[in-house]
Amino acid sequence: MHITVAGAGIIGLSCAYRLAGAGHDVTVVAAAPPGETTSAVAGGVLYPPVRLPDKRIVRWTAETLAVLREQEAPGVRFRRGHVLLAPGEPAPQWLPAMIDPVRDGGHLVFTTALVDTPVYLEWLLAQVVSLGVRVEHRTLASLSGLGPVVNATGSGAGVLAGDGSLVPIGGQVVHLADPGLTEFVVDETGPGATYVIPHGGHVVCGGTEEPGRAGTEPNPVVTADIVRRCRELVPALAGAEVLRSLVGLRPFRPVVRLERKGDVVHCYGHGGSGITLAWGCAADVAALVAS
Ligand SMILES: Cc1cc2nc3c(=O)[nH]c(=O)nc-3n(C[C@H](O)[C@H](O)[C@H](O)COP(=O)(O)OP(=O)(O)OC[C@H]3O[C@@H](n4cnc5c(N)ncnc54)[C@H](O)[C@@H]3O)c2cc1C
């Protein structure tokens with residue numbers, strides 16, 4: 001069957017890979033190439049929100065971890081790290097899906113994948129192309145007239161699917177030179193998380209949550225605040241050079257939309273967890289296309 005996959009972020013590319021692997025003739029159509037998507041801005045630590053909006057998330061997360069372990073792809077490293085929880089916060093339902101998880105008072109300690117997303121997306125694009133997938137760069141005004149299509153357009157899906165429940169939530173990160181950190185740290189005790197995700201050459205530091213943000217121009221005041229918070233959290237970053245600041249728009253929805261409506265399989269609304277959920281969702285998309 002010929003299928004169009006709309007979107008070339010982590011969700012579109014993982015769906016294209018699964019569909020091409022299942023023998024379909026796939027064309028990816030995307031306004032922005034993988035390196036210019038929200039997916040390329042992500043911190044890239046693999047775990048879902050501490051409070052789960054949706055039970056499917058545990059299965060999707062476990063599937064993504066299993067796929068990444070098997071792929072041994074460039075840009076993916078498995079590292080131990082800490083998540084600091086607010087006092088009284090119960091252990092999240094997904095904790096057993098992590099590798100060697102321990103709850104130590106207010107800390108969760110576990111091993112998971114850290115994905116340097118620009119590197120991984122470039123590798124994944126090459127894999128997809130080697131499976132015969134064609135990639136076209138253009139903006140779709142509508143999903144109709146394309147035949148079978150997977151809607152993996154992230155923040156663009158609100159307009160294409162007429163879905164007012166999809167809200168972009170802006171997030172800024174700052175890349176610092178990596179002084180040789182071996183662990184990730186995420187402080188979830190406040191209203192917005194502060195995180196330090198080392199990828200070898202650089203550390204992704206964050207973050208912010210800005211509902212309704214449209215532009216992706218970094219704010220220097222926010223950059224300074226992120227650097228301050230992250231140096232407080234991880235003092236080894238004190239002298240680390242600030243390399244760049246980036247902003248992405250998380251495609252937030254109360255729950256992920258993964259369903260088939262006629263010719264369209266919708267797969268969007270992954271919010272701040274698209275890297276974590278991608279391979280689990282791609283498996284469900286492939287099953288829906290086959291059904
Ligand atoms: C600061 C920040 C930190 C994050 N950290 C993490 C993390 O640590 N772990 C994690 O799991 N997740 C994280 N995320 C969330 C993650 O980045 C997103 O959930 C994920 O990138 C969504 O992927 P996507 O493929 O749906 O969307 P995108 O990556 O935005 O890709 C959408 C694609 O659709 C295309 N498109 C849109 N509209 C159209 C149209 N009309 N026509 C054609 N093409 C179109 C775009 O051009 C693009 O190719 C973070 C996000 C941000 C912003």
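This is a selection-by-selection tour of a predicted model, from the annotated domain through the ligand site to the cysteines and some backbone exceptions.

The model is predicted, so local features need pLDDT of at least 70 and side-chain atom pairs count only at pLDDT 80 or more, while totals for chains, interfaces and linings use all residues. Residues are numbered from 1 along each chain as its sequence is written, and side-chain values use heavy atoms, with hydrogens and water left out.

**Stop 1: the annotated domain**

Select residues 3-288. UniProt, in an unreviewed entry, gives this span the feature "domain: FAD dependent oxidoreductase". UniProt positions are in the numbering used here, feature names are shortened, and annotations may be inferred rather than shown by experiment. The span is 26% helix and 33% strand, and its end C-alpha atoms lie 13 Å apart. Helices (H or I, at least four residues) and strands (E, at least two) are DSSP runs, numbered from the N terminus.

**Stop 2: the ligand and its shell**

Select the ligand, then the residues with a heavy atom within 4 Å of it, the cut-off for being near. This shell has 36 residues, and the closest are A32, S39, L140, G271 and T276. By residue class, 15 are nonpolar, 19 polar and two charged. Here Ala, Val, Leu, Ile, Met, Phe, Trp, Tyr, Cys and Pro count as nonpolar, Asp, Glu, Lys and Arg as charged, and the others, Gly among them, as polar.

Next, show the polar contacts, which are pairs of N or O atoms within 3.5 Å; within protein, one must be able to donate a hydrogen and the other to accept it, and residues adjacent in sequence count only if both atoms are side-chain atoms. S39 places a polar side-chain atom 2.5 Å from an oxygen atom of the ligand. Backbone atoms take part too: a polar one of A8 is 3.0 Å from a ligand oxygen, and a polar one of I11 is 3.1 Å from a ligand oxygen. On its own the ligand has 1,000 Å² of accessible area, of which the protein covers 93%. Accessible areas come from the Shrake-Rupley method with a 1.4 Å probe; for residues, only the protein chains shown count as cover. Colour helix 1 (10-21), strand 8 (167-177), strand 13 (242-261) and helix 6 (274-290) to see the elements that give two or more residues to the shell.

**Stop 3: I11**

Select I11, which lies in helix 1. I11 has a relative accessible area of 9% and is buried; buried means under 20%, exposed over 50%, and partly exposed in between (1.4 Å probe, protein chains only). Add V150: the two residues are 139 apart along the chain, and their C-alpha atoms are separated by 9.9 Å.

**Stop 4: annotated binding sites**

One UniProt "binding site" annotation (unreviewed entry) lists T38, S39, T153, G271, G272, S273, G274, I275 and T276. Among them, G271 sits in the loop between strand 14 (264-270) and helix 6 and is buried at 11% relative accessible area.

A UniProt "binding site" annotation (unreviewed entry) also covers Y195, R250 and G272. Y195 belongs to strand 10 (residues 194-198) and, at 13% relative accessibility, counts as buried.

**Stop 5: the cysteines**

Select C205 and C230. Why is there no bond from C205 to C230? The closest cysteine sulfur to that of C205 is in C230, 4.0 Å away, which is too far for a bond; a disulfide is a pair of cysteine sulfur atoms within 2.5 Å. C267 is in no disulfide either, with its nearest cysteine sulfur, that of C15, 4.5 Å away. The structure holds zero disulfides. C205 is buried at 0% relative accessibility, and C267 is buried at 1%.

**Stop 6: backbone exceptions**

Most residues other than glycine have a negative phi, and most peptide bonds are trans. Select G206 and G207, which are joined by a cis peptide bond with omega about 0°. G207 is in the loop between strand 11 (202-206) and strand 12 (210-211).

Move to E72, a non-glycine residue with a positive phi of about 50°. E72 is in the loop between helix 2 (56-71) and strand 3 (76-84), and is exposed at 70% relative accessible area. D100, also not a glycine, has a positive phi near 50°. D100 lies in strand 4 (residues 99-104) and is exposed at 55%.

**Last stop: Q71**

Select Q71, in helix 2. Q71 counts as buried at 18% relative accessibility, and its side chain makes a polar contact of 2.7 Å with the side chain of Y120.
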